[in-house]
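Here are my notes on this one, in the order I'd go through them with the model open. Have a look and see whether you'd pick out the same spots.

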Amino acid sequence: MKIDMIKNSNYWFSSGYLVTFYAAWSLWWSFYAIWLKNEIGLSGEQLGIVYSANSAAAMFFMIFYGIIQDKLQIGKAVITFQSIIMLLIGPFLIYVYEPLLRNDFILGVCIGAPVLSAGFISGCALIDSFIERISRLFGFEFGPARFWGSFGYAAATFVAGILFGINPHINFWMASAVAAVYFTINLIYKPTQQFSATDKAVIQKPTIPTMNEIFSLFGMKKFWLFVFFIIGTNSFYTIYDQQLFPNFYTSFFEKPDTGYQIYGYLNSFQVFLEAACMILAPYFINKIGAKKALLAAALVMVCRISLSATLDNVYLISLVKLFHAIETPLFILAVFKYAVANFDARLSSTLYLVGFNISSNVGVIVLSWIVGKLFDKTGYSTTFYILAAIVFVILFIATFTLSDSKKKIEK
């Protein structure tokens with residue numbers, strides 16, 4: 001690191017952003033699928049429609065966020081807009097979203113999707129890309145800062161599992177309360193203008209990329225091969241992890257409240273492990289390269305999905321869930337490393353929000369409803385096997401199509 005991290009105020013403000021964002025998100029998102037199915041009473045097909053709509057709305061906001069944030073660089077206007085939406089999440093879920101889903105499902109989906117996407121589903125990619133840029137410019141690794149995001153998510157999930165069994169509305173109000181802290185941090189933070197020596201070459205270029213430079217990404221074969229890999233791996237894994245696994249896991253328990261509480265504890269422990277891996281992962285990725293790290297993360301996805309289909313013991317299933325603690329840091333951090341190594345670093349927000357997150361959401365939009373129908377007809381085991389097989393095929397193809405760029409990726 002070029003600047004002592006402990007003395008770097010940019011690192012601590014970045015960590016504050018991440019810990020509060022992910023805590024606020026976890027308080028309602030970690031039990032979102034369970035809430036929709038068990039509290040609202042949606043079918044597997046309806047659950048797929050909700051996730052498809054959320055992902056469709058997220059595509060719009062990710063394009064908007066990515067392009068505008070690349071123009072702003074370290075400006076905070078987009079972050080401020082997102083933080084206001086976050087503040088309103090509790091009242092929105094309780095007084096608008098829930099009644100609409102119960103009484104007019106389609107209208108509820110149409111209104112809910114843009115709100116949830118603007119604040120959180122796209123917001124997570126926005127804040128990650130914003131902090132990753134801050135880390136490159138101000139001399140610290142993104143991984144140790146992202147650790148606090150995972151820590152916040154884990155701590156909040158631990159609490160959320162207990163509160164959800166009492167009343168989900170408590171979770172929603174707490175999400176707004178934590179969002180208020182996030183909003184305050186954003187008001188206070190002023191980036192310190194200190195740059196590391198290795199970043200001067202980047203800064204000496206025209207700092208603000210032109211629209212032609214941003215849109216030139218879409219004419220690059222290397223970009224579309226990257227997109228293909230993301231859709232074929234992360235999209236299917238997202239459907240498995242968010243749409244299917246929470247209800248799959250809690251189905252092992254006779255009492256739903258017990259299942260919610262145990263799932264909250266397990267999810268919390270998993271994310272604490274994920275936080276630790278966020279610190280270690282950058283050194284592993286720098287050693288083996290971004291491409292190999294992405295392939296390794298995809299292999300972990302295959303193992304977790306296929307083992308979920310094979311095992312029928314709740315203790316072993318719990319152990320398999322912990323694989324997520326390895327997959328997430330590898331995948332998220334390697335995506336940034338791969339983008340910086342293979343493309344213009346000034347376009348990191350567009351690359352992360354469009355190349356990674358929009359690609360993932362395209363897959364979710366197209367596939368959530370299909371997977372939901374498949375689950376309704378065949379159940380968990382067959383669905384999991386099919387998802388694992390698809391991810392494995394894409395992983396094999398990617399070994400030949402992803403770039404092996406040797407461009408220096410260390411901070």
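Are E141 and K337 buried or exposed? Both of them are buried. Keep in mind throughout that this is a predicted model.

1. **E141 and K337.** These two form a salt bridge, with 3.5 Å between the closest N and O atoms. E141 sits in the loop between α7 (123-138) and α8, while K337 belongs to helix α16 (residues 324-342), so the pair ties together parts that are 196 residues apart in sequence. As said, E141 and K337 are both buried, so each falls under the 20% cut-off for relative accessible area.

2. **K373 and E45.** Here is another salt bridge, and its closest N and O atoms are 3.9 Å apart. Distant parts of the chain are linked by this pair: K373 comes from helix α17 (residues 348-378) and E45 from helix α3, 328 residues apart. K373 is partly exposed, because its relative accessible area is 28%. E45 also counts as partly exposed, at 27% relative accessibility. If you go through the salt bridges one by one, the count comes to six.

3. **E98 and R102.** This one is a local affair. Both residues lie in helix α5 (residues 89-103), four residues apart, which is about one turn of the helix. Their salt bridge has its closest N and O atoms 3.2 Å apart. What about cover? E98 is buried, with a relative accessible area of 11%, whereas R102 is partly exposed at 45%. As a general point, side chains of opposite charge can pair when their charged atoms come close.

4. **V50.** Back to helix α3 (residues 44-72), where V50 is found. V50 has a relative accessible area of 1%, so it is buried. Which residues does V50 contact, leaving aside its neighbours within four places in sequence? They are Y32, L36, L42, Y97, F105 and V109. It's also worth clicking on G112: its C-alpha atom is separated from that of V50 by 8.9 Å, although the two are 62 residues apart along the chain.

5. **The nonpolar patch.** On the surface, F158, V159, I162, I166, I170 and M174 make a nonpolar patch of about 480 Å². The elements giving two or more residues to the patch are α8 (142-166) and α9 (168-188). Which of them gives the most? That is α8, with four residues. F158 has its place in helix α8, and with a relative accessible area of 41% it is partly exposed. I'd colour this patch separately in any figure.

6. **α12 against α14.** Last, a helix pair. The axes of helix α12 (residues 221-250) and helix α14 (residues 290-310) come within 11 Å of each other and cross at roughly 35°. α12 passes α14 in a left-handed crossing. On the α12 side the contact is made by F226, F229, T233, N234, Y237, Y240, D241, F245 and F248. From α14 come L294, L295, A298, M301, R304, I305 and S308.

Terms used
Residues are numbered from 1 along each chain as its sequence is written. This is a predicted model: local features need pLDDT of at least 70, side-chain atom pairs count only at pLDDT 80 or more; totals for chains, interfaces and linings use all residues. Side-chain values use heavy atoms; hydrogens and water are left out. Buried means under 20% relative accessible area, exposed over 50%, partly exposed in between (1.4 Å probe, protein chains only). Contact means heavy atoms within 4.5 Å. Patches are made of residues with over 30% relative accessible area and no salt bridge: like charges are joined within 9 Å, nonpolar side chains (Val, Leu, Ile, Met, Phe, Trp, Tyr) within 5 Å. Accessible areas come from the Shrake-Rupley method with a 1.4 Å probe; for residues, only the protein chains shown count as cover. A salt bridge is a side-chain nitrogen of Lys or Arg within 4 Å of a carboxyl oxygen of Asp or Glu. Axes are lines fitted to C-alpha atoms, for helices over the stretch in contact, and angles run from 0 to 180 degrees between N-to-C directions. A crossing is left-handed if the near helix is turned anticlockwise from the far one by less than a right angle, and right-handed if clockwise.
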